[in-house]
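Okay everyone, thanks for coming. Let me put today's structure up on the screen, and then I'll walk you through a few parts of it.

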Amino acid sequence: MSPGLLVDGFLFLTGFTGARSDGTLSEDPETQMRNAFEKMGLVLRKADLDFSSVVEMTTYHVGLRDHLDLFKAVRSDYVREPFPAWTAIEVTGFVREGAIVEIRAIARQQ
């Protein structure tokens, strides 16, 4: 699996959960959300892009209604205008027990 694939000027990013580099998960929702965005940022930078290059984002949430306001606040630290198209989807769980969010995105080279 590739963390991101550059095709015809578009970077397709794999879905990122908030797991730390050692595979563990914080019990704190905000920490998980920030970890997911930080991992996205690493892949974007590797392709000489940043969050302003993101044109579409899909987020998957366990407890969407419980964490939506927090997620929006965390997202605003990374994603700025012009905002990408965004879809948020409630799910019942992820492969990694305890994960509450997964973020996938598409970015475009300028």
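One term before we start: a residue is buried when its relative accessible area is under 20%, exposed when that is over 50%, and partly exposed in between. Also keep in mind that what you see is a predicted model.

So, take Arg34. Its relative accessible area is 25%, so Arg34 falls in the partly exposed class. What does Arg34 pair with? One partner is Glu30, and their side chains meet in a salt bridge at 3.0 Å, N to O. These two sit four residues apart in helix α1, which means about one helical turn separates them. Glu30 is partly exposed as well, because its relative accessibility is 30%.

Arg34 also forms a salt bridge with Asp77, and here the closest N and O atoms are 2.7 Å apart. That pair links distant parts of the chain: Arg34 is in helix α1, while Asp77 is in the loop between α2 and β4, 43 residues apart. Asp77 has 40% relative accessibility, so call this one partly exposed too. Put together, Glu30, Arg34 and Asp77 are linked in a network of salt bridges.

How many salt bridges does the structure hold? Three. Besides the ones I've shown, Glu56 pairs with Arg104, with the closest N and O atoms 3.4 Å apart. Again distant parts of the chain are linked, with Glu56 in strand β3 and Arg104 in strand β5, 48 residues apart.

Okay, on to helix α2, residues 64-76. With 13 residues at 1.5 Å each, we'd expect a span of 18 Å, and the end C-alpha atoms are 17 Å apart, so the two agree. There is a bend, though, of about 30 degrees at Leu70. Which residues of α2 are buried? Those are Leu64, His67, Phe71, Val74 and Arg75. They pack against α1, β3, β4 and β5. Look at Leu64, for instance: at 14% relative accessibility, it counts as buried. Not counting residues up to four places away in sequence, Leu64 touches Ala88, Ile89 and Glu90.

Last stop, the surface. Leu5, Val7, Phe10, Phe12 and Val55 make a nonpolar patch of about 380 Å². Strands β1 and β2 each supply at least two of the patch residues. Phe12 is found in β2, and it counts as partly exposed because its relative accessibility is 36%.

That's my tour, so over to you.

Technical notes. Residues are numbered from 1 along each chain as its sequence is written. This is a predicted model: local features need pLDDT of at least 70, side-chain atom pairs count only at pLDDT 80 or more; totals for chains, interfaces and linings use all residues. Side-chain values use heavy atoms; hydrogens and water are left out. Patches are made of residues with over 30% relative accessible area and no salt bridge: like charges are joined within 9 Å, nonpolar side chains (Val, Leu, Ile, Met, Phe, Trp, Tyr) within 5 Å. Accessible areas come from the Shrake-Rupley method with a 1.4 Å probe; for residues, only the protein chains shown count as cover. A salt bridge is a side-chain nitrogen of Lys or Arg within 4 Å of a carboxyl oxygen of Asp or Glu. Buried means under 20% relative accessible area, exposed over 50%, partly exposed in between (1.4 Å probe, protein chains only). The expected span of a helix is 1.5 Å times one less than its number of residues. The bend at a residue is the angle between axes fitted to the seven residues ending there and the seven starting there. Contact means heavy atoms within 4.5 Å.
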